[in-house]
Amino acid sequence: YQKIRRKDSTSSTSTVKVRRGSGYSDIYEYLRGRVAGVEVNGTTIRIRGERSILGSNDPLILVDGLPTDDISNISPDDVERIDVLKDASSTAIYGSRGANGVILITTRRTID
């Protein structure tokens, strides 16, 4: 997947900067209520509601550019920021997998 600069994107994007020592135990709990249009129930994330009766309604989740299905093992203290692409233009960038929205998680880089 490629990186798109915010000024080149026409999509509805929300960004959440994650502070260290937030006190949250998992990333799902941290996301709940922070981004408009994003609903978090347990380990299920929906962006702008249900879109399909029979198909998947799960958003595409990318951690440092790599697609993943499970983010339950990511601590909020390891995350620098979370970008949420909420509209159909994310389909143009990420293909049909981005039709239900895209969550981009950028982790903190450690310097050895």
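**Entry 1: the pocket lining.** I sorted the lining of the second largest pocket by class and found 6 nonpolar, 6 polar and 4 charged residues. I keep in mind that this is a predicted model. The lining has 16 residues, and those nearest the pocket centre are S56, D58, P59, L60 and D69. For the space inside, I looked up the volume, which is about 310 Å³.

**Entry 2: which strands help line it?** Two strands, β3 (44-47) and β4 (60-63), each supply at least two residues of this lining. Which element gives the most to the lining? I found that β3 does, with 3 residues.

**Entry 3: following β3 to its partner.** Since β3 had caught my eye, I looked at its pairing. β2 and β3 run antiparallel and are joined by 4 bridges. I picked out one pair: N41 has T44 in β3 as its bridge partner. The two strands form a hairpin with 2 residues between them. In the turn I checked G42, whose phi is positive, about 65 degrees.

**Entry 4: the two faces of β2.** Which residues of β2 (residues 38-41) sit on the covered face, and which on the uncovered one? V38 and V40 make up the covered face, while E39 and N41 make up the uncovered one. So N41 turns up twice in my notes: on the uncovered face of β2 and as the bridge partner of T44.

**Entry 5: how confident is the predictor?** The protein has an average pLDDT of 82, and 88% of the residues score at least 70. Among the elements, β4 has the highest mean pLDDT, 93. Helix α2 (residues 89-94) has the lowest, 78. I note that β4 is also one of the strands in the pocket lining from my second entry.

How values were computed
Residues are numbered from 1 along each chain as its sequence is written. This is a predicted model: local features need pLDDT of at least 70, side-chain atom pairs count only at pLDDT 80 or more; totals for chains, interfaces and linings use all residues. Side-chain values use heavy atoms; hydrogens and water are left out. On a 1 Å grid over the protein atoms alone, a cavity is a set of points where a 1.4 Å probe fits but cannot get out, and a pocket is an open set with protein on both sides within 12 Å along at least five of seven lines; lining residues have an atom within 4 Å of a point. Grid points are joined across faces, edges and corners, and a volume is the space filled by probe spheres set on the points. Ala, Val, Leu, Ile, Met, Phe, Trp, Tyr, Cys and Pro count as nonpolar, Asp, Glu, Lys and Arg as charged, and the others, Gly among them, as polar. pLDDT is the predictor's confidence in each residue, from 0 to 100. Buried means under 20% relative accessible area, exposed over 50%, partly exposed in between (1.4 Å probe, protein chains only). Two strands pair if DSSP finds at least two bridges between them.
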